[in-house]
Amino acid sequence: MKTFRTTRRMMITSTALATLALSTVAVTTANADPSEKKPWKGITTTVVDFGAYTSDVVENPEDSEDRDPTVNATNNTLAVSPDEKFAVATNSYSDRLVVIHLESGVKIWEIKGYVSPRNIVFAPDSKSFTVSDSARGVVDRISMTSFQVTKRLPLGAGVFGTSQSPDGKTLYANNAAADTVTVVDQANNRPVDVITGFHEPRQGTKVSHDGKTLYVTNYNKGDSKLSIVDLTNPAHPKTELDGFHGLRAISVDSAGDRLYAANSANDTISVVDLHDTTDRESIQVGDMPYGAALSPDGTVLLTGNKADNTLTAVKITHENGKITHTVLGTIAGSGKNYLKAPRQAISFSNDSKTAYVLNEDLTIAQVDIATRTVTKVLGR
């Protein structure tokens with residue numbers, strides 16, 4: 001099966017900025033706090049009609065990967081609001097987003113109408129989030145008070161992974177069909193630049209903590225490459241790193257010293273010294289690691305091992321100028337506190353004591369980092 005259709009591949013060209021600067025969709029929002037909307041269960045919203053922005057899609061495919069005729073790939077995504085009240089999650093073979101109230105563990109809302117939703121990112125104020133849909137070819141901003149689309153930006157079929165500047169003002173949107181990253185001014189909801197020269201950039205993309213560097217994974221079934229983009233230079237020069245195998249997800253520490261990359265093809269995490277990229281360490285983890293999530297305090301890395309339904313926890317120690325990585329063990333879950341096909345979608349609490357891991361059925365496994373156990377499953 002082809003990874004993407006060649007008729008889609010050139011959708012973003014040198015004229016991209018002109019074709020992308022289209023009008024947005026506005027939806028009236030309510031002022032109510034979603035935590036006050038009870039009872040929650042069973043409440044749903046359907047997104048407004050996509051109209052001219054709807055690309056050709058497979059509405060009821062036999063194979064879930066065929067939902068998107070542009071990019072043949074599956075992924076999942078989970079975002080926890082900065083105030084840690086809610087989580088929003090989906091996967092690319094679902095037609096909906098689920099909203100879960102973290103304290104109660106209740107699924108409070110479903111937002112329907114998507115075809116291949118790819119990535120979710122919360123605004124710094126927790127009042128809204130963005131979601132990309134590669135089949136629809138849009139990035140939507142959705143209000144956390146109305147659960148409706150307040151802004152819509154058409155970026156072309158193939159729009160995939162997204163990352164956000166630390167201040168929330170800029171969004172970077174990968175397009176796996178066009179081999180580009182679009183730079184979006186979020187306040188004005190318009191593209192301001194298109195960075196070219198990638199190879200099927202999908203889910204994996206991160207902005208450095210200082211906002212000066214963008215890290216983008218380039219898909220390849222065999223050896224994969226990572227692009228490091230200088231955002232301070234208008235020409236956006238790139239450095240290419242190779243030597244990865246089935247590269248799926250990345251994290252970068254707060255100091256910008258180390259990059260962690262999940263290699264699904266050889267069951268390892270690569271640790272790259274960003275000051276000397278030839279200095280690397282390989283950590284053996286579980287079967288088919290898709291995740292490489294770093295805790296906010298930088299002391300723990302979690303993988304999501306898709307094939308064996310586990311996580312691997314790696315302890316990171318800084319002592320006498322040396323960084324040491326130690327595998328703490330495997331987190332498996334059991335019974336009602338289960339893990340099911342964990343992938344990239346792993347988030348940490350702000351205090352780094354709890355992790356939230358998306359299951360294949362769009363429930364969330366809550367993990368206690370100290371005991372390395374699944375304490376409960378949210379959103380059932």
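Is Ser-116 buried or exposed? In this predicted model, Ser-116 is buried, because its relative accessible area is 1%, and a residue counts as buried under 20%. Its place in the chain is a loop, the one that links strand S5 (106–112) to strand S6 (117–122). Leaving aside residues up to four places away in sequence, the contacts of Ser-116 are Arg-67, Asp-68, Ser-92, Ser-132, Asp-133, Ser-134 and Ala-135.

It helps to set this residue against the chain as a whole. The protein chain contains two helices and 31 strands. It has 380 residues, and 58% of them count as buried. The exposed area of the protein chain comes to about 15,600 Å², with 46% of it supplied by carbon and sulfur atoms. As for contacts between residues at least 6 apart in sequence, 46% join residues at least 24 apart.

The two strands that flank the loop of Ser-116 can each be followed into a sheet. Strand S5 belongs to an open sheet of five strands, which follow the order S1-S5-S4-S3-S2 with mixed pairing. Strand S1 (44–46) and strand S2 (76–80) form the edges of this sheet, each pairing on one side only. On average, and with direction ignored, neighbouring strands here are turned by 20° against each other. Within the sheet, strand S3 (residues 86–91) and strand S4 (residues 96–101) run antiparallel and are joined by four bridges. Looking at single positions, one finds Phe-86 opposite His-101 in S4.

On the other side of the loop, strand S6 takes part in an open sheet of four strands, ordered S6-S7-S8-S9, and the pairing in this sheet is antiparallel. The edge strands are S6 itself and strand S9 (149–154), each of which pairs on one side only. Neighbouring strands of this four-stranded sheet are turned against each other by 20° on average, again with direction ignored. Strand S8 (residues 138–143) is paired with S9 over five bridges in the antiparallel sense. Here Ile-142 stands opposite Val-149 in S9.

Taken together, the loop that holds Ser-116 runs from strand S5 to strand S6. Strand S5 sits between S1 and S4 in the order of the five-stranded sheet, whereas S6 is an edge strand of the sheet of four. Ser-116 itself is buried, at a relative accessible area of 1%, and its contacts include Arg-67 and Asp-68 as well as Ser-132 and Asp-133.

Conventions:
Residues numbered from 1 in each chain as written. Predicted model: local features only at pLDDT ≥ 70, side-chain atom pairs only at ≥ 80, totals over all residues. Heavy atoms only, no water. Buried < 20%, exposed > 50% of the residue type's maximum accessible area, 1.4 Å probe, protein only. Contact = heavy atoms within 4.5 Å. Areas by Shrake-Rupley, 256 points an atom, 1.4 Å probe, with all protein chains shown as cover. Pairing = 2+ DSSP bridges. Axes fitted to C-alpha atoms, helices over the stretch in contact; angles between N-to-C directions.
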